[in-house]
Each structure stands twice: as C-alpha cells, then as structure tokens.
Amino acid sequence: MNPKSFAVLSATAIMLTTGTANANLLFDIYMGGTYGIGGQTIFTDDKDISKSSTSYGAVLGMDIPLFRIELEYNYLDSAKITSNFGMVNAYFKIPTPILKPYIGAGIGMSFDAKYTPHNLPETKIDDTLAYQGMLGVTLSLPALPFNIDIEGRALYAPNMFKIADNDVKFLQYDGRVKLRYVF
C-alpha cells in the first residue's frame, strides 16, 4: 500500500472513532474560527511603518491533555497590506478545571499577499516563512462542546518583500478571540 494512502486512511480512521467531547477520550478533534484586532509594522532599513489591522482565521486541531496541535489559516488586513498565512501551531497548556492558561508557537508560510503603498501600484509580496508566538487562556464550557480562547499573538515574517532593494520585515501583533467546536 502507498505510504500516503496509508497515512490518509489512518488519519480518517482516528478522526471517525474519536466520539464526542464528553467521552473522556485521550484526545479531542476540534475546528473553529478566530477574530483579532491589533497592528502591523513593516521594518525597512530607513523607517518603520505601523498601521492598525484586523485578522480572521480558521483552525482545525487535536487537543491532548497537556498539548494542542492545530492547522491554522489567517487573513490579515490593514490599510497597506493584505496577506494570507498557513500555520502549524503547537501549544502547551496548564490543566486546570475551567480556565486553562497556555503558551504556543507556530511556523508556516505567507501566500497571496499584497502591499499597496500610498499613490503607487499594488505589489505582490513574496511567499516567505513566518513564525508566531501565542499566550492566552482557554475557557472550557463544561456542559457545551465549545471552548473559547482569548490570546495575545505576535507573527513575524522576515524578508517578506523588497522596497528599493531593502528587505522588509513584517510584524503582526494582535489580541484574538477563538471559538472552537470540540467534536
């Protein structure tokens, strides 16, 4: 059997046999959406430009008692830059009954990003590696299959594009709310 086919079949079997969130299983599968408000700063050799921004996203992940692993899509929008990011995140959480503090890190890529400077034509931004760090708290609703995450986040993408032969670094920082439905 092809290794890729075996991996897909194994992942499908695991997801279909997980049951509900109240079944006291070893892990839970979840999906959800995020919304954030913050700012973007682009760093060049001669100046920094900061603008307020909003972020929207979707997540699909697996929640294990001390860890959480997820795939995340982000759309970031400000007055000058719109960008899409695909990330893989890992979280370490402190197991408490209702409020669960956590810290996380992620790595991924930007894609289909555009920079629109004032009175200049739009520029497509190069696809580049991106990193992020998260710090937050999860509110677990005992009777409902929903979790609410409130977090602070910083996303950094070095050498995202060039302005006049200068590499530009990108920093997105925001506060986010994430609603997750646990299957």
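Q: Is Tyr181 buried, partly exposed or exposed, and what is its relative accessible area?

A: Buried means under 20% relative accessible area, exposed means over 50%, and partly exposed lies in between, with a 1.4 Å probe and protein chains only. In this predicted model, where local features need pLDDT of at least 70 and side-chain atom pairs count only at pLDDT 80 or more, while totals for chains, interfaces and linings use all residues, Tyr181 is partly exposed, with a relative accessible area of 34%. Residues are numbered from 1 along each chain as its sequence is written, and side-chain values use heavy atoms, leaving out hydrogens and water.

Q: Where does Tyr181 lie along the chain?

A: Strands are DSSP runs (E, at least two residues), numbered from the N terminus. Tyr181 has its place in strand 9, which covers residues 166–182.

Q: How should I read a salt bridge, and how many salt bridges are there?

A: Side chains of opposite charge can pair when their charged atoms come close. The rule asks for a side-chain nitrogen of Lys or Arg within 4 Å of a carboxyl oxygen of Asp or Glu, and the count here comes to ten salt bridges.

Q: Which parts does the salt bridge of Glu72 and Arg153 tie together?

A: The side chains of Glu72 and Arg153 meet at 2.9 Å, N to O. Because Glu72 lies in strand 3 (residues 67–78) and Arg153 in strand 8 (residues 146–163), the pair ties together parts that are 81 residues apart in sequence. Both Glu72 and Arg153 are buried.

Q: Are Arg176 and Asp174 buried or exposed?

A: Arg176 and Asp174, whose side chains form a salt bridge (3.1 Å, N to O), are both buried.

Conventions:
Helices (H or I, at least four residues) and strands (E, at least two) are DSSP runs, numbered from the N terminus.
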